[in-house]
Amino acid sequence: MMASIGEFDPLNTRVPATKIEVTVSCRSLLDVDTFSKSDPVVVLYLQAVGTKEWREFGRTEVIDNTRNPDFVRKFVLDFFFEEKQNLRFDVYNVDSRSCNISKHDFLGQTFCTLGEIIGSTGGRLERTLSGIPGKKCGVIILTAEELSNCRDIATMQLCANKLDKKDFFGKSDPFLVFYRSNEDGTFTICHKTEVIKNTLNPVWQPFTIPVRALCNGDYDRTVKVDVYDWDRDGSHDFIGEFTTSYRELSRGQNQFNVYEVLNPKKKGRKKKYINSGTVTLLSFKVESEYTFVDFIRGGTQLNFTVAIDFTASNGNPSQPTSLHYMSPYQMNAYAMALKAVGEIIQDYDSDKLFPAYGFGAKLPPDGKISHAFPLGGDNDNPNCVGIEGVLEAYFQSLRTVQLYGPTNFAPVINKVAHCAAEITDGSQYFVLLMITDGVISDMVQTKEAVVNAASLPLSIIIVGVGPAEFDAMEELDGDEVRVSSRGRLAERDIVQFVPFRDYVDRSGNQVLSMARLAKDVLAEIPDQLLSFMKSRGVEPRPALSTSPLPQLHQHI
């Protein structure tokens, strides 16, 4: 019990994800029944990260006798921006009572990611069904909506009276630990108050917590609260516990929100035991916060730019020891990092045009050194079409430029910042991915560039490849200490640095390595986007409406 309260790290606890409700409709399905129309059902399969295996997640209801079903039963999925969540929708015609789906007629299927549905205009994705050679299988329409209770933030304040005295020389030093209950009856820690020294009647500071962290959206789920007496050596003494629920707390200050703190051991031992004190809710309020999905549905586009290190320390690209070596059998670390991050972000960028630059190379024909040259070779248009286009331009550049140096970051950062500075109305948010093998040569200028960029709609991801020491990079990643330049602090933390070697799967599974890398480097992007929007008072636009579904005699 003691160990678990010491291990709570508010930054690394995984709050239950945003919940997304996916609604399914189909149009012009195949007719396979001889005397009537089909009786369709849609089955959703999810793919586990890093595996090829598909598992059934759920099924819609069956709608009789229609080629144009609008299903009522929705799929509710946990959404993680930083993961590529692959989905497969199979449509069947139900023609017997069997639960075994393979006993029914297959009408077609489609594959997509959850991000693609959310990133589509108005959260509505229309796909052609395929899978039956030579036949038109119709279309499937998928709509994604965020469940509303994901965005509520609760602020509450509690105090306690007459808690048990635990310290030999003084009174107790009480603090509270909150746990949400899980489906399986276990408890997960979700908040710890500060310690109030030497009192049996503490009043804790108000604190704020996402409602989903407290109850995962289920207002009647048990919330357990433990009361402890803090001890310097970490062996905190248990005073007692009580349970409540989000619904009870939300009633605010009243006679029902006074809780007896009970210690089961004492209760069992002492006949006259009443309680170990009481805890009272002093205040409770709920506010709604905008979410990342609100902005994406309102039309905010993620603009993805790539910058690749072409300095000589990477080694000769024609040698297998080079970090830029192009093996016919597997991708190098640069290509893996680029693909891992790009394939997720591209779902939120409708034009799929990605500016791609190189730095630290001598360019043909005159050997001029450049720290921001377009990989495609066209100075007027640095855009590449799709992630595949970026990879192609990268491989092409390796054949034409000479690796050189030094490793200057500031020119590329300033170039992207210049674009970001022109669009600060919330319609675009820029993400710059820099992949490098070594130590920055222009740290002073880079810090200045980062501090300037921190006030813009921009996040910077730096992936270090190869065996170099990347200590200096940690300075740019403002998790611990905010980056500063000439006495100015960056107004937001916008840089995320990771060394690629920390994510490489030992068994050589590249898909898994890439999934791990993407998960870590992209996890901070939604909050960084929100922090920019909040700092500028930008609100999401209403969800873009798409053309409504044709009203075909809806069978529900």
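**Exercise 1. Determine how the residues lining the second largest pocket divide by class, and which elements supply them.**

Solution. In this predicted model, the lining of the second largest pocket divides into ten nonpolar, four polar and eight charged residues. The next step is to place this lining in space: the pocket holds about 490 Å³, and of the 22 residues that line it, those closest to its centre are G50, K84, N86, V511 and A515. Turning to secondary structure, the elements that give two or more residues to this lining are α7 and α12 (510-522), and α12 provides the largest share, with seven residues.

**Exercise 2. Describe the largest cavity by its volume, its lining and the elements that contribute to that lining.**

Solution. Begin with the count, which is one cavity of 30 Å³ or more in the structure; the largest cavity has a volume of about 60 Å³. Of the 13 residues that line this cavity, E83, K84, Q85, G115 and D347 are the closest to its centre. Two elements, α2 (114-119) and α7 (333-345), give two or more residues to the lining. Sorted by class, the lining of the largest cavity comprises six nonpolar, three polar and four charged residues. As a final step, compare the lists of central residues: K84 is named among those closest to the centre of the largest cavity, and K84 is also named among those closest to the centre of the second largest pocket.

**Exercise 3. Work out how α7 and α8 are oriented relative to each other, and give the handedness of their crossing.**

Solution. Take the axes of α7 and helix α8 (residues 386-400), which come within 10 Å and cross at roughly 160°. An angle over 145 degrees counts as roughly antiparallel, and α7 and α8 are therefore roughly antiparallel to each other. As to handedness, α7 passes α8 in a right-handed crossing.

**Exercise 4. Apply the reasoning of angle and handedness to α9 and α10.**

Solution. The axes of helix α9 (residues 410-422) and helix α10 (residues 443-453) come within 9 Å, and the angle at which they cross is roughly 15°. Because angles under 35 degrees count as roughly parallel, α9 and α10 are described as roughly parallel to each other. Their crossing is left-handed.

**Exercise 5. Trace the open sheet that contains β1 and β8, and locate the bridge partner of E21.**

Solution. The strand order in this open sheet of four strands is β4-β1-β8-β7, and the pairing is antiparallel. Its edges are formed by β4 (75-79) and β7 (124-128), each of which pairs on one side only, while the twist averages 30° from one strand to the next. Within the sheet, strand β1 (residues 18-27) and strand β8 (residues 139-146) pair in the antiparallel sense over eight bridges. To find the bridge partner of E21, look in β8, where that partner is E145.

**Exercise 6. Trace the open sheet that contains β5 and β6, and locate the bridge partner of Y92.**

Solution. Here the four strands of the open sheet follow the order β3-β2-β5-β6, with antiparallel pairing. The edge strands, each pairing on one side only, are β3 (54-59) and β6 (105-113), and neighbouring strands of this sheet are turned by 25° against each other on average, direction ignored. Strand β5 (residues 86-93) pairs with β6 in the antiparallel sense over eight bridges, and the bridge partner of Y92 in β6 is F106.

Key:
Residues are numbered from 1 along each chain as its sequence is written. This is a predicted model: local features need pLDDT of at least 70, side-chain atom pairs count only at pLDDT 80 or more; totals for chains, interfaces and linings use all residues. Side-chain values use heavy atoms; hydrogens and water are left out. Two strands pair if DSSP finds at least two bridges between them. Axes are lines fitted to C-alpha atoms, for helices over the stretch in contact, and angles run from 0 to 180 degrees between N-to-C directions. On a 1 Å grid over the protein atoms alone, a cavity is a set of points where a 1.4 Å probe fits but cannot get out, and a pocket is an open set with protein on both sides within 12 Å along at least five of seven lines; lining residues have an atom within 4 Å of a point. Grid points are joined across faces, edges and corners, and a volume is the space filled by probe spheres set on the points. Ala, Val, Leu, Ile, Met, Phe, Trp, Tyr, Cys and Pro count as nonpolar, Asp, Glu, Lys and Arg as charged, and the others, Gly among them, as polar. Angles under 35 degrees count as roughly parallel, over 145 as roughly antiparallel, 65 to 115 as roughly perpendicular and the rest as oblique. A crossing is left-handed if the near helix is turned anticlockwise from the far one by less than a right angle, and right-handed if clockwise.
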